[in-house]
Amino acid sequence: MPLMNGKQYRDGLRKMKHKVYIMGERISNPVDHPIVIPSQNAVAMTHDLAFDPKYEDLLTVTSSLTGKKVSRFTHVFQSIDDMVKKVKMARLLGQKTGTCFQRCATMDVANAMFIVTSEMDKKLGTHYHDRFLRFMREVQEKDYYVGVAMTDVKGDRSRRPHEQADPDMYLHVVEEKKEGIVVRGAKSNQTGSINSQYTIVAPTAAMKKEDRDYAVAFATPTDAEGIIHIYGRNPGDTRKLEDCSIDLGNPRFSGQETLLVFDNVFVPWERVFLYKEVEFAGRIPFLFAAGHRQSYGGCKAGVSDVLIGAVKLLAEYNGLDEMPHIRDKIIDMVRLTETIYCCGIATGVEGVKTEAGSYFVDQLLGNVCKLNVGALPFEMARLAVDVTGGILGTMVSEKDLKSPEIGKYVEKYMKGLPEVPTEHKMRLIFLIQNILFGINSVGYMVESVHGAGPPAAQKSSLNRLVDFEEKKNLAKEISGIP
Ligand SMILES: Cc1cc2nc3c(=O)[nH]c(=O)nc-3n(C[C@H](O)[C@H](O)[C@H](O)COP(=O)(O)OP(=O)(O)OC[C@H]3O[C@@H](n4cnc5c(N)ncnc54)[C@H](O)[C@@H]3O)c2cc1C
């Protein structure tokens, strides 16, 4: 059966040769590094839940490519139901991990590439689609996590790739060989790059003909020669190096972000899916983003569920939960969470069958979904901070609680209800800190705004997708303008 459990996933990663740096140090065994472990636990959850009969229907599906049972994360959508289940699965995993479980990008890039490679072959007579399908069959058979490397470091953002003072500010082709190509550049904010076996590299935006060398898409193992992973910092990452669990808030799970450097990386032709076909370069990020923007309606709703649970429980521990304004604030958090979830579900329900034969999300709703995800969690955060109290930013440490000299004061003065252990209250406060401020993970607020592109990118997509002519005609008809 082409499904791995969490242990098999981790054992497989151990055999890879990722070149990883954390705070300037080369890490020989990232799988067992305390800063990395929680992020791998989150991906492992996507594997383990696939074996749980309760969640099997959400986490697995029959492949259209192999006819076998595969992870939904590697699936090309065959129905509306697939796109609805995708959001439900994302919410479930957000609830189970309380953080970014990283793997959703595989599904979103696979579905974008399926369509774009088919469109290119039809228009240009290329053979990218079959290549891509061969790659995807392997991904499904081996249950791989495929990351997505789109965001170039971009240097001077007012200039196009070919206008940059340093040509490596956008990843580009530096050499063409008989067996393949050599690329150079770097991609920033790379989710789970060390936790994935492959990444699909694609342009970050549309390209013009002067940017031909930058119009390239391919798959590469994440431990290929020349790939370097530089671990991103989080406000509390070194807490993971301390002997503590309470202060982490979410001791078991975290996300993972890196700066991914491509220092002259060789890619065989078999893994190249777009090569200097400038007119299609923008189509990959455009479709990927629409699908990925839907995913956020699921995962961020799941993490918000954990946040709401923590805030509600803490209000109870503080004897506050019956206060009308506290109840009102928590209900508002529920409303905001369900609003983003509705957007994710609707984006799937309104999806369509594509000419490539797969199904695809409603792009307009996907962008609206992500715009809401970029805004509503900030309101949720405000409400959570309000209900939690100032202690959210000032809580003392686990070591203080366990100190033989001062532990008794922490136990006594940090208490809420007499029957609730102080430790439980502390755990909740650190969990809320973790979610809002990214204490041992990238914060859900930064990710909500920038993951799958910043709000301006969604608005620019909407400008292309909204049928304003139709709306103007409606107004004309109603108002009697001929
Ligand atoms: C948690 C997280 C996970 C991520 N995961 C991935 C991943 O797995 N793979 C991946 O490829 N990317 C990933 N990203 C990257 C994400 O897509 C980018 O952060 C996002 O597209 C914004 O790009 P940037 O961070 O370079 O910000 P910038 O481009 O620096 O944007 C900053 C601001 O400048 C504006 N701006 C930028 N350029 C212009 C311009 N030319 N004209 C006008 N305004 C401009 C933006 O709208 C924004 O308001 C992730 C990001 C986060 C935070």
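Me: This is a predicted model. Which residues of α4 do A42, M45 and T46 of α2 meet?
Reply: The model is predicted, and here two helices touch. On the α2 side stand A42, M45 and T46. Their partners in α4 are L93, K96 and T97.

Me: How many charged residues does the contact of α2 with α4 have?
Reply: Sort the contact by class. Nonpolar residues number 3 and polar residues 2. The charged count is 1.

Me: Is α2 roughly parallel or oblique to α4?
Reply: Helix α2 covers residues 37-48 and helix α4 covers residues 80-97. Their axes lie 10 Å apart, at an angle of about 130°. Angles over 145 degrees would count as roughly antiparallel. This pair falls short of that, so α2 is, relative to α4, oblique.

Me: What is the handedness of the α2 and α4 crossing?
Reply: Stay with α2 and α4. Their crossing is right-handed.

Me: Are α5 and α6 roughly parallel or roughly antiparallel?
Reply: Take α5 as residues 104-124 and α6 as residues 128-142. Their axes come within 7 Å and cross at roughly 155°. The limit is an angle over 145 degrees. The pair is therefore roughly antiparallel.

Me: Which residues of α6 make the contact with α5?
Reply: Helix α5 brings A110, M113, F114, T117, S118, M120 and D121. Helix α6 answers with Y128, H129, D130, F132, L133 and M136.

Me: How many nonpolar residues are in the contact of α5 with α6?
Reply: Charged residues number 2, and polar ones 3. The nonpolar count is 8.

Me: Are α8 and α11 roughly parallel or roughly antiparallel?
Reply: Helix α8 spans residues 283-317, and helix α11 spans 376-388. Their axes come within 10 Å and cross at roughly 20°. Angles under 35 degrees set the class. So the two are roughly parallel.

Me: Which residues of α11 meet α8?
Reply: From α8 come S304, L307, V311, L314 and A315. Facing them in α11 are M380, A384, V387 and T388.

Me: How many charged residues does the contact of α8 with α11 have?
Reply: By class, 7 residues are nonpolar and 2 are polar. The charged count is none: no charged residues.

Me: Which residues come nearest to the ligand?
Reply: There are 19 residues around the ligand. The nearest are V148, M150, T151, R157 and T191.

Me: Which residue has a polar side-chain atom 2.7 Å from a nitrogen atom of the ligand?
Reply: M150 uses a backbone N or O atom, 2.7 Å from a ligand oxygen. H450 also offers a polar backbone atom, 3.5 Å from an oxygen of the ligand. The side-chain contact to nitrogen belongs to T191.

Notes: Residues are numbered from 1 along each chain as its sequence is written. This is a predicted model: local features need pLDDT of at least 70, side-chain atom pairs count only at pLDDT 80 or more; totals for chains, interfaces and linings use all residues. Side-chain values use heavy atoms; hydrogens and water are left out. Axes are lines fitted to C-alpha atoms, for helices over the stretch in contact, and angles run from 0 to 180 degrees between N-to-C directions. Helices (H or I, at least four residues) and strands (E, at least two) are DSSP runs, numbered from the N terminus. Angles under 35 degrees count as roughly parallel, over 145 as roughly antiparallel, 65 to 115 as roughly perpendicular and the rest as oblique. Contact means heavy atoms within 4.5 Å. Ala, Val, Leu, Ile, Met, Phe, Trp, Tyr, Cys and Pro count as nonpolar, Asp, Glu, Lys and Arg as charged, and the others, Gly among them, as polar. A residue is near a molecule or strand if one of its heavy atoms lies within 4 Å of it. A polar contact is a pair of N or O atoms within 3.5 Å; within protein, one must be able to donate a hydrogen and the other to accept it, and residues adjacent in sequence count only if both atoms are side-chain atoms. A crossing is left-handed if the near helix is turned anticlockwise from the far one by less than a right angle, and right-handed if clockwise.
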